[in-house]
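Here is a short report on one protein model. It deals with confidence, one helix and the charged pairs.

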Amino acid sequence: MVHKKPILKKTQCLKWLSPIVDKNAEITIRIVDNDESINLNNIYRKKKYPTNVLSFLVDDEVHLIGDIVLCAPVIEKEALEQSKKLEAHYAHLIIHGALHLYGYDHENKKDADIMEAKEIKILTKLGYKNPYLIEESKSQ
């Protein structure tokens with residue numbers, strides 16, 4: 001069995017989640033391959049392709065309990081295509097996933113603007129660049 005260096009460290013994830021998540025929250029972060037991401041995306045969203053992040057709220061009655069599922073191959077490909085550091089892209093997607101657990105979404109322009117502004121504010125405080133500016137400048 002080959003032991004790989006972990007993609008993420010617990011300390012990184014805690015740092016990225018701390019501006020958002022209550023200290024009593026229980027969040028599982030799972031890193032999956034393309035096949036598992038396709039399967040989960042198909043079951044829960046009826047979409048037959050892998051996606052970078054999925055969030056699943058388990059309970060929010062007493063304190064937040066949820067799962068964030070990250071697809072490593074998709075994230076690595078996006079980071080490369082968008083000329084982003086892999087760590088910064090993971091930070092963004094974990095924050096994005098956590099905000100979904102708290103009810104934020106991007107189904108319409110108004111909600112997307114609110115969610116993106118929150119992401120940008122948190123990422124900036126953590127020392128990361130605005131991920132949306134990087135994408136926009138890359139696509140122009």
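The sections below take these topics in turn.

## Model and confidence

This is a predicted model: local features need pLDDT of at least 70, side-chain atom pairs count only at pLDDT 80 or more, and totals for chains, interfaces and linings use all residues. Residues are numbered from 1 along each chain as its sequence is written, and side-chain values use heavy atoms, with hydrogens and water left out.

The protein chain has a mean pLDDT of 91 (the predictor's confidence in each residue, from 0 to 100). In this chain, 91% of residues reach 70 or more. Residues 136-140 have pLDDT below 50. Beyond near neighbours in sequence, that stretch has three contacts in the model (heavy atoms within 4.5 Å). Where pLDDT is low, the predicted coordinates should not be read in detail.

## Helix 2

Helix 2 covers residues 34-45, 12 residues in total. Helices (H or I, at least four residues) and strands (E, at least two) are DSSP runs, numbered from the N terminus. From first C-alpha to last, helix 2 reaches 15 Å, close to the 16 Å expected at 1.5 Å a residue. That expected span is 1.5 Å times one less than the number of residues.

Ser37, Leu40 and Asn41 of helix 2 are buried (under 20% relative accessible area, 1.4 Å probe, protein chains only). These residues lie on the same side of helix 2 because they cover an arc of only 100° around the axis. The arc is taken from the directions from the helix axis to the C-beta atoms. The cover over the buried residues includes strand 1 (26-32), strand 2 (53-59) and strand 3 (65-71).

At the N-terminal end, aspartate 33 caps helix 2. A side-chain oxygen of aspartate 33 lies 3.3 Å from the backbone nitrogen of aspartate 35. Just after helix 2, lysine 46 takes a positive phi of about 60°.

## Salt bridges

The structure holds three salt bridges (a side-chain nitrogen of Lys or Arg within 4 Å of a carboxyl oxygen of Asp or Glu). Glutamate 36 pairs with arginine 30, with closest N and O atoms 2.3 Å apart. Glutamate 36 is partly exposed (between the 20% and 50% limits) at 27% relative accessibility. Arginine 30 is partly exposed too, at 38%.

Lysine 77 bridges to glutamate 81, with closest N and O atoms 3.2 Å apart. These two residues are four apart in helix 3 (residues 72-81), so about one helical turn separates them.

Aspartate 113 bridges to lysine 109 at 3.0 Å between the closest N and O atoms. Both lie in helix 5 (residues 109-125), four residues apart. Aspartate 113 is partly exposed at 36%, while lysine 109 is exposed (over 50%) at 61%.

Technical notes:
Polar contact = N/O pair within 3.5 Å; in protein donor to acceptor, adjacent residues only side chain to side chain.
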